[in-house]
Amino acid sequence: MKHFAIIPGDGIGKEVIAAGMEVLDAVSQISSFEYDGEYSQIGSDRYLKTGELLTDQDISDLKKKDAIYFGAIGDPRVKPGILEGGILLKMRAVFDQYINLRPVTSWFPLVPLKREVDFDIHFLRENTEDFYMGLGKRFGPSYSDKKNADGSYDVELGVKRESYNMDFKVNAHPTADDDYSIEIGLVSRKGITRWADYAMKYAIARGDDKVTLVDKANVITNNYGMQREIFQQKADEYGLKLEFMFVDAMSMAMIVRPETFGTVAVPNLFGDILTDLGAQLQGGLGMGGSGNINPNGVSMFEPIHGSAPDIAGQGKANPIAAVLAAQMLLENQGFPKEGKMLHDAVRYVLDHNQTTPDLGGKLKTAEVGKAIADFILNQKK
Ligand SMILES: NC(=O)c1ccc[n+]([C@@H]2O[C@H](COP(=O)([O-])OP(=O)(O)OC[C@H]3O[C@@H](n4cnc5c(N)ncnc54)[C@H](O)[C@@H]3O)[C@@H](O)[C@H]2O)c1
């Protein structure tokens, strides 16, 4: 029996998670997959009532679960950044969900390419290091920093992680009086090693014989050079081929020959960009699921879209992204056969135009959820 936390969140998050839960229920009725789901009120309504974002109590409750199924957060009544930082980003950090898994699958004919092409790229974005650590600062006459007697500035930066804390003191000595800004992209051997290890295991589980590593090692030679060395060691250890792609070439290759990629490891900043390109390639926001994974801890699965206040409450939200997130949750929790049932059911509703208006259909969110669930229930032999 699996124990899940269900966090519908805000706006269409509530609607698509309701559809996703109907689908999970259907799977549990016809397979050996058994679960219970405890709902959590984390989100904007609770925040507006009590001021609470992700509390210590929430964290200790969530820690007891096998995984989290998440809708979306975001509310026009709350200043941008508060819910995102205080709930989503905090959750990813607290649970050290260091892999962001984003499958990019050809859902023909939704694919905006000129030709029919069968691809299934699984991006494994490193989720904790690189240029997204918030390790930066501006300095100069427009900011409050005091200049030292010798004309230099002391720029102090710090990072706190479960695996390490680090303080930086940069003594910047500009020869011209101006404002400056620095942003440090930090990677660690431990951080790269655990990610590379996961990528190799993931590729083997998928049946891929290679891993593609995306970087810009020809320009950012230190960080991405170290990354290449560690990935190469891991690839040798697991007997897999390792292909290196520069991020600029990769963004072109994803359009020209997406079918040549399988498991793709990409550092944090480039991953943010490439996975959005991937989302569009597979048919848009309503078609993308995402996993924030800690292989030894609590992972979280969610659609890639936000709370979409412009369509919330109207039944227009496409629940397929949430269903594909549920597929990832099942696969991650050891139920690959059941995950495939969801994948096949999504293929079926697309082929029969049982979709919401964003995909050209006429159904409401709940009706698409029911169509997917019914297809699964009909598989019972
Ligand atoms: N992971 C998250 O919880 C997450 C992610 C992104 C944005 N947000 C938050 O969501 C709020 C809205 O942000 P946004 O408008 O930039 O992004 P969004 O993803 O909510 O919506 C962007 C556009 O896509 C449409 N759309 C999104 N999902 C859809 C679906 N399932 N079916 C049909 N149409 C869909 C919306 O109607 C909207 O026009 C903000 O508060 C933002 O911070 C949260």
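In this predicted model, 75% of the contacts between residues at least 6 apart in sequence join residues that are at least 24 apart. The chain carrying these contacts contains 11 helices and 14 strands, and buried residues account for 42% of its 381 residues. Along the principal axes, the C-alpha atoms occupy a box of roughly 80 × 55 × 40 Å. The radius of gyration is 22 Å, which agrees with the value near 21 Å that would apply to a compact globule of 381 residues.

The domain assignment divides the chain into domain 1 (1–98 + 297–381), domain 2 (112–132 + 187–281) and domain 3 (136–183). Taken over C-alpha atoms, the centres of domain 1 and domain 3 are separated by 42 Å.

In soluble globular proteins, nonpolar side chains tend to be buried together. The largest nonpolar core of the present chain comprises 95 residues, and those with the most contacts inside it are Val23, Ile68, Tyr69, Ala199, Val323, Ala326 and Ile372. Helix 9 (residues 320–332) gives the most to this core, contributing 10 residues, and the core draws at least three residues from each of domain 1 and domain 2. When residues up to four places away in sequence are not counted, Val323 touches Ala19, Gly20, Val23, Leu342, Val346 and Ile372; among these partners, Val23 and Ile372 are themselves listed with the residues that have the most contacts inside the core.

A second local environment is that of Tyr47, which is found in helix 2 (residues 44–50). Tyr47 is classed as buried because 22 other C-beta atoms lie within 10 Å, whereas the criterion for burial requires 20 or more. Leaving aside residues up to four places away in sequence, the contacts of Tyr47 are with Glu52, Leu53, Val78 and Leu83. Of these, Val78 is 31 residues from Tyr47 along the chain, and the C-alpha atoms of the two residues are separated by 8.9 Å.

The ligand is surrounded by 22 residues, of which Gly74, His305, Gly306, Ala308 and Asn318 come nearest. The elements that give two or more residues to this shell are helix 1 (12–30) and helix 4 (82–94). By residue class, the shell around the ligand divides into 12 nonpolar, 6 polar and 4 charged residues.

Terms used: Residues are numbered from 1 along each chain as its sequence is written. This is a predicted model: local features need pLDDT of at least 70, side-chain atom pairs count only at pLDDT 80 or more; totals for chains, interfaces and linings use all residues. A residue is near a molecule or strand if its C-beta atom, placed from the backbone, lies within 6 Å of it. Helices (H or I, at least four residues) and strands (E, at least two) are DSSP runs, numbered from the N terminus. Ala, Val, Leu, Ile, Met, Phe, Trp, Tyr, Cys and Pro count as nonpolar, Asp, Glu, Lys and Arg as charged, and the others, Gly among them, as polar. The radius of gyration is taken over C-alpha atoms; the globule rule is 2.2 Å times the number of residues to the power 0.38. A residue is buried if 20 or more other C-beta atoms lie within 10 Å of its own, exposed if 12 or fewer, and partly exposed in between; C-beta atoms are placed from the backbone. Two residues are in contact if their C-beta atoms, placed from the backbone, lie within 7 Å. A nonpolar core is a set of buried Ala, Val, Leu, Ile, Met, Phe, Trp, Tyr and Cys residues joined through C-beta atoms within 7 Å. Domain bounds come from an automatic or database domain assignment.
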